[in-house]
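Please read these points with the sequence and the structure open beside you. They go from one strand to its neighbours, then to the sheet and the pocket.

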Amino acid sequence: MWNIGIFSKADLDAVVAIERQAFRHPWSRDSFLKEITCECALNLVVRGDDTQYPHGVVAYLCSRLIHREMYILKLAVAQNWRRKGVASMLLKESFSRALEKAALTAILDVRRSNFPAISFYHKHGFQVVGSRPAYYSDTGEDALVMRKKL
Ligand SMILES: CC(C)(COP(=O)(O)OP(=O)(O)OC[C@H]1O[C@@H](n2cnc3c(N)ncnc32)[C@H](O)[C@@H]1OP(=O)(O)O)[C@@H](O)C(=O)NCCC(=O)NCCS
C-alpha cells in the first residue's frame with residue numbers, strides 16, 4: 001500500500017503541498033531543498049498509491065544526525081492519511097536508520113498546544129525533558145522539548 005524512501009528533489013512539490021496543509025507557518029521549498037542537500041540529514045518520505053498526491057507522497061520526516069543525536073525537525077502526514085499508522089511507520093524506520101548511523105537519542109521541539117503530536121510522541125516513548133519559553137515567534141508559544149533513548 002505504501003513504501004518508505006529517501007526524500008529526493010522529485011518529492012519537493014508533494015512535500016511542500018502537505019507542509020502548507022499541515023502548518024500555519026510552513027517551511028518554504030528552499031528550506032526543504034537545503035535540508036535534503038545537508039550532509040548530516042536523514043530525510044524520508046512515505047509514498048502511497050493515492051493519485052491525489054503528486055508522486056504519491058503522503059508523509060515526510062526531516063531530521064539531522066549530530067553528535068549521536070537525532071534531531072527531528074519536521075514530521076507531517078497528509079490530512080486524509082492520518083490516524084492510519086503512517087507516521088508511526090515512518091518514525092520507526094527513521095529510528096532504525098538513525099541507529100545504523102550510531103545515534104543514541106532522538107530529540108525534538110513541539111508546540112505546547114499540539115496535543116495530537118504530543119500524544120503521538122508519548123506513544124512512541126518520548127518524554128518531556130524541558131521547555132523553551134516563547135520559542136515560536138508567531139504566537140509567543142512555548143516549545144516542549146521531548147527526548148527518547150533509541
Ligand atoms: C502528528 C501526526 C504526524 C501524527 O500522524 P498519524 O499518521 O496520524 O499518526 P499515527 O496514526 O501513526 O499514530 C496515531 C497516534 O498519534 C496520536 N494522535 C494522532 N492524531 C491525534 C489526534 N488528532 N488527537 C489525539 N492524538 C492523536 C495518538 O497517540 C494516536 O494513537 P491512537 O490512534 O492509539 O490514539 C499528524 O497528526 C500530523 O501530520 N500533524 C500535523 C503536523 C504536525 O503537527 N507535526 C508534528 C510537529 S512536531
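**Notes on the sheet and the pocket**

1. Strand β3 spans residues 57–66, and eight of its 10 residues are buried, so the strand is largely enclosed by the rest of the structure. Buried here means under 20% relative accessible area. Keep in mind that this is a predicted model.

2. What joins β3 to strand β2? Seven bridges do, and the two strands run antiparallel. Strand β2 covers residues 41–48. To find the pairing by eye, start at V57 in β3, which has R47 opposite it.

3. On to strand β4, residues 69–77. Eight bridges link this strand to β3, again in an antiparallel arrangement. One residue pair to look for is R64 with its bridge partner Y71 in β4.

4. The connection from β3 to β4 is a hairpin, with two residues between the strands. In that turn, H67 has a positive phi of about 50 degrees.

5. Strand β1 is joined to β2 by five bridges, and this pair runs antiparallel. Here I4 stands opposite V46 in β2.

6. Now the whole sheet. This open sheet has seven strands in the order β1-β2-β3-β4-β5-β7-β6, and its pairing is mixed. Which strands stand at the edges? They are β1 (2–6) and β6; each has a single partner strand, so one side of each is left without a neighbour in the sheet. On average, neighbouring strands of the sheet are turned by 25 degrees against each other, direction ignored.

7. Next, the empty space. Rolling a probe the size of a water molecule over the atoms shows where such space is left. The largest pocket has a volume of about 1400 Å³. Its lining is made up of 38 residues, and F23, L75, N114, A117 and Y121 lie nearest its centre.

8. Which elements give two or more residues to the lining of the largest pocket? They are β4, α3 (86–100), β5 (105–111), α4 (115–123) and β6 (127–136). Strand β4 gives the most, with seven residues. This is the strand that forms the hairpin with β3.

9. By residue type, the lining of the largest pocket divides into 21 nonpolar, seven polar and 10 charged residues.

10. Where does the largest pocket lie with respect to the domains? Domain 1 (2–103) and domain 2 (107–150) both give residues to its lining, so the pocket lies between them.

Methods
Residues numbered from 1 in each chain as written. Predicted model: local features only at pLDDT ≥ 70, side-chain atom pairs only at ≥ 80, totals over all residues. Heavy atoms only, no water. Buried < 20%, exposed > 50% of the residue type's maximum accessible area, 1.4 Å probe, protein only. Helix = DSSP H or I, 4+ residues; strand = E, 2+ residues; numbered from the N terminus. Pairing = 2+ DSSP bridges. 1 Å grid on protein atoms, 1.4 Å probe; cavity = no way out; pocket = protein on both sides within 12 Å on 5 of 7 lines; lining within 4 Å. Points joined across faces, edges and corners; volume = space filled by probe spheres on them. Nonpolar A, V, L, I, M, F, W, Y, C, P; charged D, E, K, R; others polar. Domains from an automatic or database assignment. Axes fitted to C-alpha atoms, helices over the stretch in contact; angles between N-to-C directions.
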